[in-house]
Amino acid sequence: MKTDQELRSQLWQLDGSSYRAYKAIRGRYDFDEFVLCVDYVQGDPFAAPSQLRVQLPLAIAKFPSVLLASSPRKIALRDYVTRQFAQIARQVAQRRGSGKSGSIGISKVGPEILDRSAVCLTSEELEFRFTVGLPAQGRRILGRQAADLLCNDIPEIISQLHYTQLDNAELQSWVETNEDAEALRSQLLPQGLVAFIADGAILPRASGVDVRPLANGAVPWQSPESLAVTLERPNSGPIRGTGIPQGITLIVGGGYHGKSTVLQALERGIYNHIPGDGRDCIVANSTAMKIRAEDGRSVTRVNISPFINHLPQGRSTTDFSTANASGSTSQAANIIEALEIGTQLLLIDEDTSATNFTIRDRRMQQLVAKHKEPITPFIDKVRWLLKDYGVSTILVMGGSGDYFDVADTVIALDNYRAADVTSEAKAIAQAYKTERIAEGGTEFGALIPRQPLAKSLDPSRGRKEISIKVKAIEEILFGESAINLSAVEQLVEPQQLQAIGWALIYLKTHYLSGAYTLREICDHVVEDIQTHGFDCLDNRPQGNFAQFRALDLAAAVNRLRDLKIKQLSK
């Protein structure tokens with residue numbers, strides 16, 4: 001291992017050389033208090049930045065053991081120092097030449113506290129994984145500027161990430177908030193709940209493109225007395241809020257009064273949030289899946305017969321495939337695929353649903369007889385879904401009172417203020433009967449397990465054996481295939497898509513040779529990451545991975561347009 005002085009001298013000697021000469025600095029360097037690893041050197045100042053790591057011993061960082069006492073605390077600590085690294089780097093980094101010269105970057109994060117690979121933690125050290133733009137003028141090395149960047153700026157950033165240099169009270173709040181949120185979520189099932197919204201929570205965001213809480217005019221959440229529960233937190237004590245019970249819950253109210261905002265907060269309730277986010281005490285069942293219509297998506301060998309049957313020309317729907325699904329067909333497939341992987345809570349907003357999938361009223365039933373209508377609307381399956389599989393549903397519904405008949409709980413929003421109107425809704429349902437005919441039969445229908453085939457997962461592109469690129473939180477370019485995940489609305493960071501892309505390769509090499517179902521495969525991959533860390537996905541250290549669920553991985557598999565999959569049994 002070379003020293004930091006040797007690195008500085010080497011960079012001075014490279015001054016003025018062709019940019020590719022930077023490749024010579026790959027390796028490990030002892031900086032006394034930490035080790036700097038140069039893993040990958042960019043070939044061009046305009047290319048993706050170089051990848052580096054810093055290994056900082058905990059004995060030097062001096063984080064107290066109380067901050068490392070549980071998994072939620074460790075994740076929150078890593079999340080916090082990731083954010084601090086990014087903030088300090090913005091202050092320290094200087095533009096040094098052309099292209100990305102002088103940049104210092106780490107994973108960009110949102111208000112969610114996620115398990116990420118940007119900062120890793122062992123019993124001995126913290127490891128920071130980040131990128132730098134090695135300085136150049138044109139395509140000539142600026143060696144002295146590079147020496148300043150690597151030998152001055154990086155040590156300056158790391159020195160400010162020691163425990164004694166951080167805001168200790170803020171860090172303590174970070175780890176306690178994360179641990180408390182985990183405790184709240186763990187109480188949902190024993191309490192017969194699927195979600196919890198704390199009193200005082202701020203649900204609205206600053207704007208559609210700004211995920212910070214609305215600063216002015218936000219109405220704090222206040223629970224209706226009939227739905228109020230008190231849950232315990234290990235650090236901050238008991239907290240009161242709305243417990244949304246298992247079963248079928250409607251969220252109703254006028255337009256712009258907060259219905260979709262509540263559902264969006266519950267969608268993100270599968271994640272823990274940073275202190276002060278306003279949603280840091282909102283939690284939902286970790287398997288909750290937002291379901292929407294997704295026109296144009298491909299569907300491969302899915303049993304959508306619980307919702308769609310007797311198609312024209314006798315086309316089967318127990319083993320259904322299409323390259324261009326309609327709104328109703330895609331929504332049916334999205335539900336069945338989520339059930340296949342084990343969701344226990346569906347989240348549905350009428351604004352993003354196919355109308356003919358959601359409801360078929362009495363008048364339409366009279367005009368178009370059931371034997372001429374292939375679609376069984378969700379209203380006629382939602383209770384069978386609960387009875388047969390124990391799956392709850394939360395629906396935002398402003399246009400159809402027919403759902404009053406099947407709902408267990410009805411929450412009305414009036415200017416973001418919630419009221420339990422279940423009794424009123426049931427009274428209206430009795431007074432104004434819809435007289436519609438239930439079309440859902442006497443059961444939900446079978447869920448048929450499937451097994452993906454290895455030949456449909458090909459990450460190669462041209463001469464590259466592996467080509468994975470991510471476009472924001474919308475798309476994974478996996479080899480020659482584009483996997484559109486824009487409708488998988490609970491993915492919140494590009495790093496999740498990056499990890500999913502590599503997980504597709506991992507599951508192909510580790511689990512597609514056996515007789516595993518898609519659910520088993522996805523569960524195994526997530527368990528392997530939890531046990532061995534993100535590095536099990538790629539033998540090269542990667543700093544741009546973030547946690548995802550088995551449901552999210554399956555969603556990517558199901559959206560492969562070249563997917564080959566077989567049904568295992570009926």
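Rings of Phe, Tyr and Trp, the last taken by its six-membered ring, form a pair if their centres lie within 6.5 Å. In this predicted model, such ring pairs link Phe-307, Phe-357, Phe-378, Tyr-389 and Phe-444 into a cluster. The structure holds 14 aromatic pairs, and two pairs from the cluster can be followed one after the other.

One of the pairs is made by Phe-307 and Phe-357, whose rings are 5.0 Å apart centre to centre, with 55 degrees between the planes. This arrangement is tilted. Phe-307 lies in the loop between β20 (299–302) and β21 (320–322), while Phe-357 belongs to helix α8 (residues 355–358), so the pair ties together parts that are 50 residues apart in sequence. Buried means under 20% relative accessible area. Phe-307, with a relative accessible area of 0%, is therefore buried, and Phe-357 is buried as well, with a value of 1%.

From Phe-357 the path continues to Phe-378. The centres of these two rings are 6.1 Å apart and their planes meet at 25 degrees, so the pair is stacked; the cut-off for stacking is under 30 degrees. Phe-378 is found in the loop between α9 (362–367) and α10 (382–389), and because Phe-357 lies in helix α8, this pair ties together parts that are 21 residues apart in sequence. Phe-378 also counts as buried, at 2% relative accessibility.

Phe-444, another member of the cluster, has a charged neighbour. The charged end of Lys-381 sits over the ring of Phe-444, 5.8 Å from its centre. A similar arrangement involves Trp-12: the charged end of Arg-144 sits over this ring, 4.6 Å from its centre.

The last topic is a pair of helices. Helix α12 (residues 494–511) packs with helix α13 (residues 518–532) at an angle of about 110 degrees, and their axes are 10 Å apart. Angles from 65 to 115 degrees count as roughly perpendicular, and α12 and α13 are therefore roughly perpendicular to each other. On the α12 side, the contact is made by Ala-503, Tyr-506, Leu-507 and Tyr-511. On the α13 side, Ile-521, His-524, Val-525 and Asp-528 take part. By class, the contact of α12 with α13 has 6 nonpolar, 1 polar and 1 charged residues.

Note on methods. Residues numbered from 1 in each chain as written. Predicted model: local features only at pLDDT ≥ 70, side-chain atom pairs only at ≥ 80, totals over all residues. Heavy atoms only, no water. Phe/Tyr/Trp six-rings, centres within 6.5 Å; stacked < 30°, edge-to-face > 60°. Helix = DSSP H or I, 4+ residues; strand = E, 2+ residues; numbered from the N terminus. Buried < 20%, exposed > 50% of the residue type's maximum accessible area, 1.4 Å probe, protein only. Lys NZ or Arg CZ within 6 Å of the ring centre and 35° of its normal. Axes fitted to C-alpha atoms, helices over the stretch in contact; angles between N-to-C directions. Parallel < 35°, antiparallel > 145°, perpendicular 65-115°, else oblique. Contact = heavy atoms within 4.5 Å. Nonpolar A, V, L, I, M, F, W, Y, C, P; charged D, E, K, R; others polar.
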